[in-house]
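I opened this model to see how its chain is put together. My notes follow in the order in which I looked things up.

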Amino acid sequence: MERLCDLRGRRLIIECTPCGRRGHYDLDRLRHRFGQHACVYEVYVQLTQTCRYQHPLGARRPNQYGRACRAQIDTDQPSSGRLLPSRS
């Protein structure tokens with residue numbers, strides 16, 4: 001699992017297409033708030049918990065026609081199209 005200290009760039013961008021929400025978060029502030037070694041997935045869950053299409057962890061997901069939170073996470077680093085650097 002990747003951590004906040006592994007991310008490159010200055011901002012974390014979270015965008016949810018079904019509800020149209022978009023947020024920009026400063027990585028330094030997130031590291032201060034959650035800690036340097038916080039799991040990116042746990043931070044993602046905390047930041048998207050107010051989405052009206054988010055379901056509680058462990059809850060049954062809706063079928064293919066139901067609405068669910070489809071928030072995507074990315075950084076503002078323009079040089080790389082991927083979220084995290086390669087470890088190879």
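The entries below go from the whole chain to the sheet, then to the helices and a few single residues.

**Entry 1: the chain as a whole**

I note at the start that this is a predicted model. I counted the secondary structure and got two helices and three strands. Read from the N terminus, the order of the elements is β-β-α-α-β. The chain has 88 residues, and 30% of them count as buried. I looked up the exposed surface as well: the chain exposes about 6,500 Å², and carbon and sulfur atoms supply 46% of that area. For the contacts, I took those between residues at least 6 apart in sequence; 61% of them join residues at least 24 apart.

**Entry 2: the sheet**

In what order do the three strands of the sheet lie? I read the order as 2-1-3, in an open sheet with antiparallel pairing. Strand 2 (21-26) and strand 3 (72-75) are the edge strands, each pairing on one side only. From one strand to the next the twist averages 20 degrees.

I then went through the pairs. Strand 1, residues 11-16, pairs with strand 2 in the antiparallel sense over six bridges. The pairing of strand 1 with strand 3 is also antiparallel, and I found four bridges there. As background, strands of a sheet pair through backbone hydrogen bonds, either parallel or antiparallel.

Ile14 is a useful marker. In strand 2 the residue opposite Ile14 is Gly23, and in strand 3 the residue opposite Ile14 is Ile73. I also looked up Arg11, whose bridge partner in strand 2 is Asp26.

The connection between strand 1 and strand 2 is a hairpin, with four residues between the strands. Gly20 sits in the turn and has a positive phi of about 80 degrees.

**Entry 3: helix 1**

Helix 1 covers residues 27-34 and lies across strand 1 and strand 2. I read its angle to strand 2 as about 80 degrees.

Which residues of helix 1 are buried? They are Leu27, Leu30 and Arg31. Seen down the axis of helix 1, these buried residues fall within an arc of 100 degrees, so they line one face of the helix. On the other side of helix 1, I found Asp28, Arg29, His32 and Arg33 exposed. The cover over the buried residues of helix 1 includes strand 1, strand 2 and helix 2.

After helix 1 comes Gly35, and its phi is positive, near 105 degrees.

**Entry 4: helix 2**

Helix 2, residues 40-48, lies across strand 1, strand 2 and strand 3. It runs at about 55 degrees to strand 1.

I listed the buried residues of helix 2 as Val40, Val43, Tyr44, Leu47 and Thr48. They are on the same side of helix 2, because they cover an arc of only 120 degrees around the axis. The general rule is that an α-helix has 3.6 residues a turn, so residues three or four places apart point the same way. I then checked what covers the buried residues of helix 2; the cover includes strand 1, strand 2, helix 1 and strand 3.

**Entry 5: Val43**

I picked one residue of helix 2, Val43, for a closer look. Is Val43 buried or exposed? Val43 counts as buried because its relative accessibility is 1%, and the cut-off for buried is under 20%.

Leaving aside neighbours within four places in sequence, Val43 is in contact with Leu4, Phe34 and Ala38. I also looked up the spacing to Arg33, ten residues away along the chain: the C-alpha atoms of Val43 and Arg33 are separated by 9.8 Å.

**Entry 6: the cysteines**

How many disulfides does the structure hold? I found zero. I looked up the accessibility of Cys5 and Cys16 as well. Cys5 has 24% relative accessibility and therefore counts as partly exposed. Cys16 has 5% relative accessibility and therefore counts as buried.

How values were computed
Residues are numbered from 1 along each chain as its sequence is written. This is a predicted model: local features need pLDDT of at least 70, side-chain atom pairs count only at pLDDT 80 or more; totals for chains, interfaces and linings use all residues. Side-chain values use heavy atoms; hydrogens and water are left out. Two strands pair if DSSP finds at least two bridges between them. Axes are lines fitted to C-alpha atoms, for helices over the stretch in contact, and angles run from 0 to 180 degrees between N-to-C directions. Contact means heavy atoms within 4.5 Å. Buried means under 20% relative accessible area, exposed over 50%, partly exposed in between (1.4 Å probe, protein chains only). The arc is that of the directions from the helix axis to the C-beta atoms. Accessible areas come from the Shrake-Rupley method with a 1.4 Å probe; for residues, only the protein chains shown count as cover. A disulfide is a pair of cysteine sulfur atoms within 2.5 Å.
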